[in-house]
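Trainee: Could you take me through this chain step by step, with the reasoning behind each answer?

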Amino acid sequence: MSPTPPERSPSRTAADLAAELNERIRALWTGRGHPAPPLSEAQRAEYRRLLAELDRVTRGDVTTAA
């Protein structure tokens with residue numbers, strides 16, 4: 001997974017961003033036979049980064065362009 005944050009276009013809402021982040025989080029686990037095998041170190045770092053960004057979005061700390 002690339003550590004590139006989702007693009008934010010003027011028409012994107014917080015709900016759109018949250019949905020995209022959720023999709024990227026789910027993609028880390030797709031086909032992985034969760035809970036085994038475990039995520040790699042890089043995947044865990046990406047998972048933590050995505051969760052932190054999702055938390056900011058749901059708290060309203062991320063603003064969207066009008």
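Mentor: Let us begin with the second helix. In α2, the residues Gln43, Glu46, Leu50, Glu53, Leu54 and Val57 are buried, where buried means under 20% relative accessible area with a 1.4 Å probe, protein chains only. This is a predicted model, in which local features need pLDDT of at least 70 and side-chain atom pairs count only at pLDDT 80 or more, while totals for chains, interfaces and linings use all residues. Residues are numbered from 1 along each chain as its sequence is written, and side-chain values use heavy atoms, with hydrogens and water left out.

Trainee: Within what arc do the buried residues of α2 fall, seen down its axis?

Mentor: An α-helix has 3.6 residues a turn, so residues three or four places apart point the same way. The buried residues of α2 line one face of the helix, because the directions from the helix axis to their C-beta atoms fall within an arc of 105 degrees.

Trainee: How many helices and strands does the protein chain have?

Mentor: Helices are DSSP runs of H or I with at least four residues, strands are runs of E with at least two, and both are numbered from the N terminus. By that rule, the secondary structure of the protein chain comes to two helices and zero strands.

Trainee: Which helix supplies the largest share of the largest nonpolar core?

Mentor: A nonpolar core is a set of buried Ala, Val, Leu, Ile, Met, Phe, Trp, Tyr and Cys residues joined through side-chain atoms within 4.5 Å. The largest one has eight residues, namely Leu17, Ala18, Leu21, Ile25, Leu28, Leu50, Leu54 and Val57. Both α1 and α2 supply at least two residues of this core, but the largest share, five residues, comes from α1.

Trainee: Which residues does Leu54 touch, leaving out those up to four places away in sequence?

Mentor: Contact means heavy atoms within 4.5 Å, and what covers the buried residues of α2 includes α1 (14-29). With residues up to four places away in sequence not counted, Leu54 touches Ala18, Leu21, Asn22 and Ile25.

Trainee: Is Glu53 buried or exposed?

Mentor: Glu53 is found in helix α2, and its C-alpha is 8.7 Å in space from that of Ala18, although the two are 35 residues apart in sequence. At 3% relative accessibility, Glu53 counts as buried.

Terms used: Buried < 20%, exposed > 50% of the residue type's maximum accessible area, 1.4 Å probe, protein only.
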